[in-house]
Amino acid sequence: MLESFLIAVGVLLIAATALPLVRRDDWWIRIFDFPRLQITVLLALTLALYLAVRQEPGILEQVFLWLLTLALAYQAYRMYPYTPLSRKQVQASGCATKESSISLLFANVLMTNRRADDLRRLIREQDPDVILTVETDAWWETELATLERTHRHAVKQPQSNTYGMLLYSRLELRDARVKFLIQDDVPSI
């Protein structure tokens, strides 16, 4: 019984590992790019438990073990660059100043939220160079219009489907435009 359960879980984890290898932008495929740590932990647990409870392994069980091991190795390989074990790709700055730094503020406003004063206060307090708000509709665009006085460069795509985006920058934006890469109603800047 436990062996069958572990095989079922293992097959699902192998599928969750293999699915993102398909070069499609569908959300139900891309979603498995994100929980790598969770998938890795579950793969390791499943592999360890299966090795502990398996009965006389046949060829199918051996294939299953190899696939579990490959999936675990692949997940670890994909996470490796983001661990302390990997070589740093960017040197730490020893003399960061306001003039040599860029500050970013990203806000998922929740489109139905109407507390624009709170966001404007946060923006004043943090004084970021670049502001990106998401889930913004026409109401949010109106409420944040005053940002264009301090952040003269803007790319705006308000939408009433929770995929709206407003980008404001003090820094010049070169060739900035809105594209619809994933779906016809999901913008990317």
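This is a short dialogue about how to read some features of a predicted model.

Student: Let's begin with helix H4. What span should its 21 residues have, and how far apart are its end C-alpha atoms?

Tutor: Helix H4 covers residues 59-79, and at 1.5 Å a residue it should span 30 Å. Its end C-alpha atoms are 30 Å apart, which agrees with that expectation.

Student: Which residues of H4 are buried?

Tutor: Here we call a residue buried if its relative accessible area is under 20%. In H4 these are Phe64, Leu65, Leu68, Ala71, Leu72, Gln75 and Met79. Looking down the axis of H4, you find them within an arc of 125°, so they line one face of the helix.

Student: What covers them, and what sits on the face turned away?

Tutor: The cover over the buried residues of H4 includes helix H1 (2-18) and helix H3 (36-53). The face turned away from the buried side carries the exposed residues Ile59, Trp66, Leu70 and Tyr77.

Student: Could we look at one residue in H1? Is Leu6 buried or exposed?

Tutor: Leu6, which is found in helix H1, counts as buried because its relative accessibility is 3% and the cut-off is under 20%. Leaving aside residues up to four places away in sequence, Leu6 touches Thr46, Leu49, Tyr50, Val53 and Phe64. You met Phe64 a moment ago among the buried residues of H4.

Student: How many residues separate Leu6 and Leu47 along the chain?

Tutor: They are 41 residues apart along the chain, and their C-alpha atoms are separated by 8.3 Å.

Student: Now the strands. How do strands of a sheet pair?

Tutor: In general, they pair through backbone hydrogen bonds, either parallel or antiparallel. In this model, four strands form an open sheet in the order S1-S2-S4-S3, with mixed pairing. Its edge strands are S1 (104-108) and S3 (153-157), each of which pairs on one side only. From one strand to the next, the twist averages 5°.

Student: Which helix packs on the sheet?

Tutor: That is H5, which touches S1 and S2. The direction of H5 makes about 165° with that of S1.

Student: How many bridges join S4 to S3, and how many join S2 to S4?

Tutor: Five bridges join S3 to S4, and these two strands run antiparallel. S2 and S4 also run antiparallel, and five bridges join them. To see single pairs, find Lys156, whose bridge partner in S4 is Leu166. Then find Leu132, whose partner in S4 is Leu167.

Student: Is S4 mostly covered or mostly open?

Tutor: S4 is mostly covered, since five of its five residues are buried. Both faces are covered: Met165, Leu167 and Ser169 lie on one side, and Leu166 and Tyr168 on the other.

Student: One last topic, please. What sign does phi have in most residues?

Tutor: Most residues other than glycine have a negative phi. Asp127 has a positive value, with phi near 50°. Look for Asp127 in the loop between helix H5 (116-126) and strand S2 (130-134). A second case is Asp175, whose phi is near 55°, also a positive value. Asp175 is found in the loop between strand S4 (165-169) and strand S5 (179-183).

Student: Which of these two is exposed, and which is partly exposed?

Tutor: Asp127 is partly exposed, with a relative accessible area of 32%. Asp175 is exposed because its relative accessible area is 64%, and exposed here means over 50%.

Technical notes:
Residues are numbered from 1 along each chain as its sequence is written. This is a predicted model: local features need pLDDT of at least 70, side-chain atom pairs count only at pLDDT 80 or more; totals for chains, interfaces and linings use all residues. Side-chain values use heavy atoms; hydrogens and water are left out. The expected span of a helix is 1.5 Å times one less than its number of residues. Buried means under 20% relative accessible area, exposed over 50%, partly exposed in between (1.4 Å probe, protein chains only). The arc is that of the directions from the helix axis to the C-beta atoms. Contact means heavy atoms within 4.5 Å. Two strands pair if DSSP finds at least two bridges between them. Axes are lines fitted to C-alpha atoms, for helices over the stretch in contact, and angles run from 0 to 180 degrees between N-to-C directions.
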